[in-house]
Each structure stands twice: as C-alpha cells, then as structure tokens.
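I opened a fresh page today for one more structure. Here is the model I had on screen while I wrote.

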Amino acid sequence: MKAYMQQPISDNRRKEERMTKPYLSIQGIRKTFGKFVALTSIDIDIQKNEFICLLGPSGCGKTTLLRILAGLEQPTGGKILVNDRDITTLPPAKRNFGMMFQSYALFPNLTAGQNIAYGLQAKKMSKKEVDAKVREVLALIDLEHIRDKYPSQLSGGQQQRVALARAIALSPDFLLLDEPLSALDAKVRLKLRRELRSLHEKIGITTIMVTHDQDEALTMADRIVVMNNAEIVQVGTPQEIYEKPNSPFVADFVGAINFLEESVVSGSALGQDRLFAIRPENINLMEPPADYSLRAVVSDMEFRGSFYRVTMQLINQQKGLHPQLVTIDLPVSQTHRLGLRRDKQVAFELPLENLISFDQAAVAKKTGSD
C-alpha cells in the first residue's frame, strides 16, 4: 500500500521535475455547447507534484476544464495526456484521480470513517487494508477523533477535511479541487488554505484547483493559470502574475491596481500610446513634497485592519480630463502620524521601477466577463 508520510518536496527537486517532460499535458482542448464556446484551444503542461490554480471570473471556462480533466465532460477537440498516455476519451472510473467539490458531497448516512472507506471497499481491498488506510488519512488531516461521527455532527471545516481525506485515500495520480473552500467562513477558510497547501507538500500529489479567489491562488499555487472569456490569458508563478501582468485584465483581476492617465506619468521617454498602472502599495507619499511631486486631495479613507486604503483625487491636471483617482495603501501608524483625513492635500511620487505599462491596444480587453 502506498505510504503518504513522505519527506517534504525540496525546491531543487521541484526545479528538476519541471525540466522534464510534463506529467499532465492539456493540448488544444476545445469545448462548445451548441453555438456557445466554453473553451478555446487550451494548452497547459503540468509537472508532477505541481499545485496549479485555475483562476478567473465566473463563466470563463475554468470549471468546464476541470470537468473535462475528470471525464465528466467530453471535449469538442484536443487531447489530454498523463505520462504520455492519452486519457481524453476514458470514462471517469478509468482515470486515477481524486476530486473534492465545493459541497463536500459526503454521504449523510455514513460516518466519517465509512465515507473514506467507501471508495476503498469498491476497489475490493481487504477489511484490514481499508481500516489501515482510513486510519492513515485521518491521522494525516489530524481528525482521528471524529472517525465515528456523522457529517451532521461535524463542522464545515471538518467535513471539508473528511472530503479531502476521501479524495486522497485511493492514492490518485492527480487531485482536482472545485472551489473547495468557498463555502466556509473566512477564518476557517484561511486555516484550511494553509492545511491544504501543507498536505500537498507532504504527499506530493499533482493538484489542480479551480478558484475565483485571487488570495487563494496567490498563497497556494506553484503556478497560476489566469482564464478569461474561454481562454488562457497568462500562466506564471504567483509573483510573476502579480508583479508582471501581461494585460490590463490580469492586472485588474489579480490584486488592486491604479490605471493612470498618460499625462499623469510624466516624461515621453516612458513611451507613447501606453497605459500605465501601479499597485497601491508601491506609491510613496512625500513629506515634505519635492518639485516633481504629484499633488492630490484625499477623497476617501477605508480602514482595512493593518492598513488604510486611501483614495486621492489629483489636482493641477490638464483641463478637459476626467478627474484621476489614485488609491494608495498605507500602514495605520503612518496614516495617523501624517494626520490624514478627507480633503487634506498630499504629495506623492510614482516610482518608475514599480510602474507597469501596456500597449493602448490592450486597454479594450481590460474588463473581464462575469
């Protein structure tokens, strides 16, 4: 029986694995429902033990892609390879994967232990092997004490962990997660986010998770696949996606962003016909102001716990332009020290090294689908 208590996967091992040919290869996958195009030529190569997040707005096609990987939908075109084996037309029962749904999908009339054992018994494993595996996965998620409890006796977080234990009990080749944390309250969601990532490190399983939550993707994924309008718009590490978005849509969807009028970013050397953007945390307030400072008036202050998100309206803009609003994130201590309040005038700078720029032709694609 496969043991799950493995050593954590080192960064060097991950790099070595990514230099080899892909473990899971999604090649030109298309899906249409009548005239509706759900997926347009999706290509992704995923390495063994990678944690991939499919991130995008509702209706972008990410759940359809997950269902195709599970065999619950057949693609209109393209193919899926696992270790060079074509599984495109295989039924779900012939694909060795585990799946966890948003709704948990636990059998209400079975205990936690019986829920986990259900799939093992269907594999004709002996009672001794089933009992050993149930104990193993319950220990892995630190829930040995709830083995004999029914789902109705468990908290939402416990139910989700039992569903996860059931998914990994069969030693799947890959794990598919469909918005697994979205039904939980904020605190439990944060806790399970860390536990799920930690468990992934322990067992070393290739994981593909659908989410529309940018924080989940940024904190959990090895790589993020950003989708919009039935296609992939960018693939990269969380840091690459956040710091180097390749389009206004990605910049706007992943984290807060300021899009700036060309006149606000001084200097033609920065290029013409460009749209500039900057993250709120990368803007510097200047006290005292310098000759090159931009001037603004505080129009709103939003307390976010550890920081304030301050909205400012630029002054001294060229006539005829729409008022330019800029948001900046400031530590609470700095906000209090500067005595910031609505209608107070401030000076700030836009560090050139933190500016992101896009070709103006991309501006039309800034808004995503719902």
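My entries below go from the whole chain down to single residues.

**Entry 1: the whole chain.** I noted at the start that this is a predicted model. I then looked up the secondary structure, and the protein chain has ten helices and 18 strands. Of its 370 residues, 49% are buried. The exposed surface of the protein chain comes to about 18700 Å², and carbon and sulfur atoms supply 49% of that area. I also checked how contacts spread along the sequence. Among those between residues at least 6 apart, 67% join residues at least 24 apart.

**Entry 2: the cores.** In soluble globular proteins, nonpolar side chains tend to be buried together. I went looking for such groups here. The largest nonpolar core holds 46 residues, and I116, V162 and I168 touch the most other members. Which helix gives the most to this core? I found that it is α5, residues 156–168, with six residues. There is also a second, separate core of 28 residues, and I wrote down L39, L66, L90 and M99 as being among them.

**Entry 3: helix α2.** I stayed with helix α2, residues 62–70, for a while. Seven of its nine residues are buried, so this helix is largely enclosed by the rest of the structure. My list of the buried ones reads K62, T64, L65, L66, I68, L69 and A70. One of these, L66, I had already met in the second core. Just after the helix comes G71, with a positive phi near 85 degrees.

**Entry 4: backbone oddities.** Most residues other than glycine have a negative phi, and most peptide bonds are trans. I searched for exceptions to both habits and kept three.

- N49 is not a glycine, yet its phi is positive at about 75 degrees. I located N49 in the loop between β2 (36–46) and β3 (51–55). Is N49 buried or exposed? It is buried, with a relative accessible area of 2%.
- A230 also has a positive phi, near 75 degrees, without being a glycine. A230 sits in the loop between β9 (223–228) and β10 (231–236). Its relative accessibility is 6%, so A230 counts as buried.
- The peptide bond from E287 to P288 is cis, with omega near 5 degrees. I placed P288 in the loop between β13 (284–285) and β14 (294–303).

**Entry 5: a three-stranded sheet.** I traced an open sheet with the strand order β11-β12-β18 and antiparallel pairing. Its edge strands are β11 (258–260) and β18 (356–359), each pairing on one side only. On average, neighbouring strands of this sheet are turned by 30 degrees against each other, direction ignored. I then looked at one pair in detail. Strands β11 and β12 (residues 274–278) run antiparallel and are joined by three bridges. For L260, the bridge partner in β12 is F276.

**Entry 6: D329.** My last stop was an acidic residue in strand β16, residues 325–331. D329 has a relative accessible area of 15%; buried means under 20%, so D329 counts as buried. What does the side chain of D329 make a polar contact with? I found the side chain of R309, at 2.8 Å. Leaving out residues up to four places away in sequence, D329 touches P280, E281, F307, Y308 and R309.

Note on methods:
Residues numbered from 1 in each chain as written. Predicted model: local features only at pLDDT ≥ 70, side-chain atom pairs only at ≥ 80, totals over all residues. Heavy atoms only, no water. Helix = DSSP H or I, 4+ residues; strand = E, 2+ residues; numbered from the N terminus. Buried < 20%, exposed > 50% of the residue type's maximum accessible area, 1.4 Å probe, protein only. Contact = heavy atoms within 4.5 Å. Areas by Shrake-Rupley, 256 points an atom, 1.4 Å probe, with all protein chains shown as cover. Core = buried A, V, L, I, M, F, W, Y, C linked by side-chain atoms within 4.5 Å. Pairing = 2+ DSSP bridges. Axes fitted to C-alpha atoms, helices over the stretch in contact; angles between N-to-C directions. Polar contact = N/O pair within 3.5 Å; in protein donor to acceptor, adjacent residues only side chain to side chain.
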